[in-house]
Amino acid sequence: MGKLRVALLFGGRSVEHEVSLVSANSILGALDPSRYDVTLVAVDTDGHWHLGDPSLPPSPAALQAAIKGPEVDLPVAPGEHTLIPVGGADPKSGQTFDVIFPVIHGRGGEDGSLQGLLELAGIPYVGSGVLGSAIQMDKEVSKRLLAAAGLPVTPGTCVRANRLGAGAAVVDALIGELGTSVFVKPANQGSSVGISKVESREDLLPALRDAARYDTKILVERAIDAREIEVALLGNDPIEASIPGEIRTRHAFYDYDAKYVDDATELLIPAPIEDSLANEMRRLAVAAAVALESAGLARVDFLLERDTDQIFINEVNSIPGFTQGSMYPLLWQATGIAYPALLDRLIELALERHRINTALETRYEPTR
Ligand SMILES: Nc1ncnc2c1ncn2[C@@H]1O[C@H](COP(=O)(O)OP(=O)(O)O)[C@@H](O)[C@H]1O
Ligand SMILES: [Mg+2]
């Protein structure tokens with residue numbers, strides 16, 4: 001068999017565009033060139049797709065060049081798997097792929113919309129499908145499904161942005177329910193953007209307004225004094241869990257700067273916790289992924305309350321950070337799967353899921 005043609009799709013319109021570039025650079029450097037023909041496909045900050053230059057060696061410069069490369073479109077023509085040049089060029093000069101590896105975080109990449117396009121185009125892709133992606137992106141819907149599955153979630157409530165006009169009444173109701181020490185977050189966002197830790201009544205409304213800049217649905221949760229533990233998942237069915245890792249930051253919480261800007265964050269792998277807690281978290285992580293329709297990969301983030309050792313599921317990420325230094329690949333490495341082998345496995349899982357889904361009947365066929 002020839003090499004598998006992989007389109008590495010990165011960038012995107014969300015606030016996590018830059019993060020995606022760093023993840024994509026690591027993946028590009030680690031995909032085995034004897035197995036894969038990799039083409040970069042950059043989604044610029046306006047949402048246009050551009051083809052990279054395959055002759056450039058893997059590097060951040062190649063990624064930057066791809067963003068300025070020729071514009072292409074993915075037509076919704078099942079089975080063709082071809083990116084067509086935009087702007088009058090011969091459609092026959094399009095590039096055909098066997099599988100797409102999307103590493104676009106946040107809206108337009110991780111929320112099911114991209115997955116919908118790839119489904120309509122009939123092309124296999126790495127990671128969760130439309131439903132799983134959409135659910136995992138929405139922290140509020142996730143929470144309801146996790147709670148319905150009997151899984152432990154942080155106590156919290158949802159506020160619609162159009163209620164904020166009611167000002168003091170909204171603040172009173174929230175404080176009455178959750179106390180004054182809360183986290184406020186947009187329901188659909190990532191990288192801690194729009195998230196505030198609130199410690200006093202007067203800071204609550206400004207925090208709600210800030211979150212409302214990013215989403216019309218806002219989640220308010222009781223602030224847990226907790227350690228942050230993460231578990232990486234791999235698989236379609238069954239899903240396997242890595243050993244847990246811990247994140248320690250010197251910031252007030254794991255905010256944007258702690259994630260990307262400074263080095264005040266430490267990853268401890270394995271997390272220094274009791275085996276019984278680690279095993280419980282692995283079990284809960286798999287149960288959470290199943291409840292949220294995950295496929296391929298996910299990272300489940302826990303809050304482990306300091307005083308009580310009570311476990312809460314904070315969130316599930318369908319496209320976790322994927323740099324060589326990110327928690328997701330480091331957890332797998334510590335569990336026995338090195339970065340390049342992890343990429344091989346994710347691509348196999350994408351092909352497997354596509355095979356299973358395309359074998360399903362799409363019309364009514366009487367069986368006898
Ligand atoms: N209820 C909570 N209690 C304590 N800390 C929280 C809570 N919710 C969020 N945090 C802190 O905020 C960070 C970002 O919140 P999170 O819900 O994970 O959003 P994101 O999708 O942006 O990562 C967490 O890693 C944690 O440090
Ligand atoms: Mg998080």
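Phe183, Glu221, Ile224, Phe253 and Tyr254 come nearest to ligand 1, out of 19 residues around it. The model is predicted. Domain 2 (136–152 + 225–355) and domain 3 (156–222) both contribute to the shell around ligand 1, so the ligand lies between them. Besides these two domains, the protein has domain 1 (4–125).

**Ligand shell**

- Four elements give two or more residues each to the shell around ligand 1: strand S9 (182–186), strand S12 (226–235), strand S16 (296–305) and strand S17 (311–317).
- By class, the shell around ligand 1 holds 8 nonpolar, 6 polar and 5 charged residues.

**Domain 1 against domain 2**

- The centres of domain 1 and domain 2, taken over C-alpha atoms, are 25 Å apart.
- Contacts between these two domains involve 22 residues of domain 1 and 15 residues of domain 2.
- On the side of domain 1 that touches domain 2, the elements giving two or more residues are strand S1 (4–11), helix H1 (17–30) and strand S7 (99–103).
- Of these, H1 gives the most, with 6 residues.
- This side of domain 1 is made up of 14 nonpolar, 5 polar and 3 charged residues.

**Nonpolar cores**

- The largest nonpolar core has 74 residues, of which Leu8, Leu9, Phe101, Leu233, Ala285 and Val300 touch the most other members.
- This core lies between domain 1 (4–125) and domain 2 (136–152 + 225–355), because both give residues to it.
- Val300 touches Glu230, Val231, Leu233, Ala285, Ala288, Ala289, Ile313 and Val316, with residues up to four places away in sequence left out.
- A second core, separate from the largest, has 18 residues, including Val159, Val182, Ile195 and Ala211.

**Ala350**

- Ala350 is part of helix H11, which covers residues 339–358.
- Ala350 has 26 other C-beta atoms within 10 Å, so it is buried; the cut-off is 20 or more.
- Setting aside neighbours within four places in sequence, Ala350 is in contact with Val99, Pro124, Tyr125, Val126 and Gly296.
- Ser242 is 108 residues from Ala350 along the chain, and the C-alpha atoms of the two are separated by 19 Å.

Note on methods:
Residues are numbered from 1 along each chain as its sequence is written. Chains are lettered from A and ligands numbered from 1 in the order in which they are written. This is a predicted model: local features need pLDDT of at least 70, side-chain atom pairs count only at pLDDT 80 or more; totals for chains, interfaces and linings use all residues. A nonpolar core is a set of buried Ala, Val, Leu, Ile, Met, Phe, Trp, Tyr and Cys residues joined through C-beta atoms within 7 Å. A residue is buried if 20 or more other C-beta atoms lie within 10 Å of its own, exposed if 12 or fewer, and partly exposed in between; C-beta atoms are placed from the backbone. Domain bounds come from an automatic or database domain assignment. Two residues are in contact if their C-beta atoms, placed from the backbone, lie within 7 Å. A residue is near a molecule or strand if its C-beta atom, placed from the backbone, lies within 6 Å of it. Ala, Val, Leu, Ile, Met, Phe, Trp, Tyr, Cys and Pro count as nonpolar, Asp, Glu, Lys and Arg as charged, and the others, Gly among them, as polar.
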